[in-house]
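Reader: I'd like to learn how to read a few features of a model, one at a time. Could you walk me through them?

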Amino acid sequence: MSRLLVIGCGGVAQVAIQKCAQNKEVFTEMCLASRTVSKCDALKEKLEKQGYPVKITTATVNADDVKDLVKLIKDYKPDAVLNVALPYQDLTIMDACLECKVDYIDTANYEPEDTDEPVWRAAYEKRCKEKGFTAYFDYSYQWAYMDKFKEAGITGLLGTGFDPGVTSVFTAYAKKHYFDRIDTIDILDCNGGDHGYAFATNFNPEINLREVSANGSFWEDGHWVETKPMEIKREYDFPQVGKKDMYLLHHEEIEALGKNFPEVKRIRFFMTFGQSYLDHMRCLEDVGMLSTTPIKFEGKDIVPIQFLKALLPDPASLGPRTVGKTNIGCIFKGVKDGKEKTIYIYNVCDHQECYKELGSQAISYTTGVPAMIGTALVLTGKWKQPGVYTTDEFDPDPYMELLNEYGLPWVVDEAPKLVD
Ligand code: NDP
């Protein structure tokens, strides 16, 4: 029995909320709060029509405003807050949870909306020099809450989507059950789905395009190696999907895994992209449409990437037209009982099956299900520990069981093809 406050009602949130409704024993009351409350109202109506017993209320909230959040949390008195808004709101929501002493869960690590803001920029440039990677996001801002969350006796569970999230749980599971020592990890994210548009992103366009147009990087021998965007390309034959081109990206779980599994010599992350996506992205970048710096247009300030977002299809609307499968997982190489060993732990998810079940495409589905699972484990006390943690820092077994139970079954291949 628990009361959950969910912030955000976009593509990922809609899956997470419906999955919470399916998990009747844990989630008995929910408040759906977002900037556009009509989306929360529509989902409440859908779930009530389907006869789910969970008691739902809705609210409007500006998650950029700590006072507004604190008021809502004090009014609703939830046992936990699930942040499925945008990474821009991570710190304001964490601040509000701290003030109200409520557990906090999210799916993506903090990045600022305005990357030209001088105080943030100075800290960012220092970090680029010291750590050697230039992504706009990193864990330092949220890890800085460790002592405050400990003192308040609340849990912060960071990054419980698929990647990060499940990929980090796969790592903890591999270490617990398959290896004495892990030497290398290759995280592979393949979306073999086709939505029929020449160009669309499968989660929030602004966040997605910022991520994939940035420099790549990987972790090797205790430090970062940075690459140009899309500089490293490999082809991989994905089980149930087939051969796809994939590119090395910087990704947030590398930072947490590098810290928490210091024995691992190399961690890389690859994501598949089709040629049409890459051509469109390069063209948009070349003309300045991916810029986060406001420009004056007819007397008004506009941020090019936000204007582009308004033109692109809403990722939440891709469900009915996306066909094909995703294959996301991790290839681990290491040693068990003195012998070398390699395994690939992965999940395959079918876009149309997700659409039939919840009205969503597989990217929202593969993120929303783990968001529900992480929240359920915090609420039931299995993953409750004061402080701020990523998903690789807890016992992976209950999470792995819930993945099987709630629609993301996984496979362990003990003779996988490797990435060179
Ligand atoms: P969407 O853009 O579809 O949804 C974001 C939601 O947050 C919208 O409902 C939006 O409101 C709401 N929102 C935005 N700003 C505010 C605000 N200031 N106050 C209140 N509500 C706000 O994004 P997605 O669902 O695609 O992504 C959600 C999160 O999931 C992101 O953080 C993303 O990075 C993360 N993600 C994580 C993945 C993983 O595997 N770990 C994979 C994919 C996504 P409105 O409806 O008004 O726009």
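Reader: Let's start with contacts. Leaving aside its neighbours within four places in sequence, which residues is Ser217 in contact with?

Author: One thing first: this is a predicted model. For a contact list, skip the sequence neighbours and see what remains. Here Ser217 touches Phe133, Trp224, Val225, Glu226, Thr227, Leu248, Leu249, His250 and Ile254.

Reader: And where does Ser217 sit in the secondary structure?

Author: Ser217 belongs to strand S8, which covers residues 216–220.

Reader: Is Ser217 buried or exposed?

Author: For that, check the relative accessible area; under 20% counts as buried. Ser217 comes out at 0%, so it is buried.

Reader: What does the side chain of Ser217 make a polar contact with?

Author: Its partner is the side chain of His250, at 2.7 Å. His250 also turns up in the contact list of Ser217.

Reader: On to cysteines. How many disulfides does a search of the whole structure find?

Author: Zero. The way to read this is by sulfur distance, since a disulfide needs two cysteine sulfur atoms within 2.5 Å. Take Cys31: the closest cysteine sulfur is in Cys40, 7.9 Å away, so that pair is too far apart for a bond. Cys40 is in no disulfide either, and its nearest cysteine sulfur, that of Cys9, lies 4.1 Å away.

Reader: Are Cys31 and Cys40 buried or exposed?

Author: Cys31 is buried, with a relative accessible area of 2%. Cys40 is buried too, at 0%.

Reader: Now the empty spaces. How many cavities of 30 Å³ or more does the structure hold?

Author: Just one. With a cavity, look at the volume and then at the lining. The largest cavity has a volume of about 30 Å³, and its lining consists of Glu111, Ala135, Tyr136, Phe137, Arg210, Glu211 and Ala214. By class, that lining has four nonpolar residues, no polar ones and three charged ones.

Reader: What volume does the second largest pocket have?

Author: About 240 Å³. You read a pocket in a similar way, through its volume and lining. Around the second largest pocket you find Tyr124, Thr134, Ala135, Tyr136, Arg210, Ser213, Ala214, Asn215, Glu285, Leu290, Ser291 and Thr292.

Reader: How do the residues of that pocket's lining divide?

Author: Five are nonpolar, five polar and two charged. Compare the two lists, too: Ala135, Tyr136, Arg210 and Ala214 line both the largest cavity and the second largest pocket.

Definitions and conventions: Residues are numbered from 1 along each chain as its sequence is written. This is a predicted model: local features need pLDDT of at least 70, side-chain atom pairs count only at pLDDT 80 or more; totals for chains, interfaces and linings use all residues. Side-chain values use heavy atoms; hydrogens and water are left out. Helices (H or I, at least four residues) and strands (E, at least two) are DSSP runs, numbered from the N terminus. Buried means under 20% relative accessible area, exposed over 50%, partly exposed in between (1.4 Å probe, protein chains only). A polar contact is a pair of N or O atoms within 3.5 Å; within protein, one must be able to donate a hydrogen and the other to accept it, and residues adjacent in sequence count only if both atoms are side-chain atoms. Contact means heavy atoms within 4.5 Å. On a 1 Å grid over the protein atoms alone, a cavity is a set of points where a 1.4 Å probe fits but cannot get out, and a pocket is an open set with protein on both sides within 12 Å along at least five of seven lines; lining residues have an atom within 4 Å of a point. Grid points are joined across faces, edges and corners, and a volume is the space filled by probe spheres set on the points. Ala, Val, Leu, Ile, Met, Phe, Trp, Tyr, Cys and Pro count as nonpolar, Asp, Glu, Lys and Arg as charged, and the others, Gly among them, as polar.
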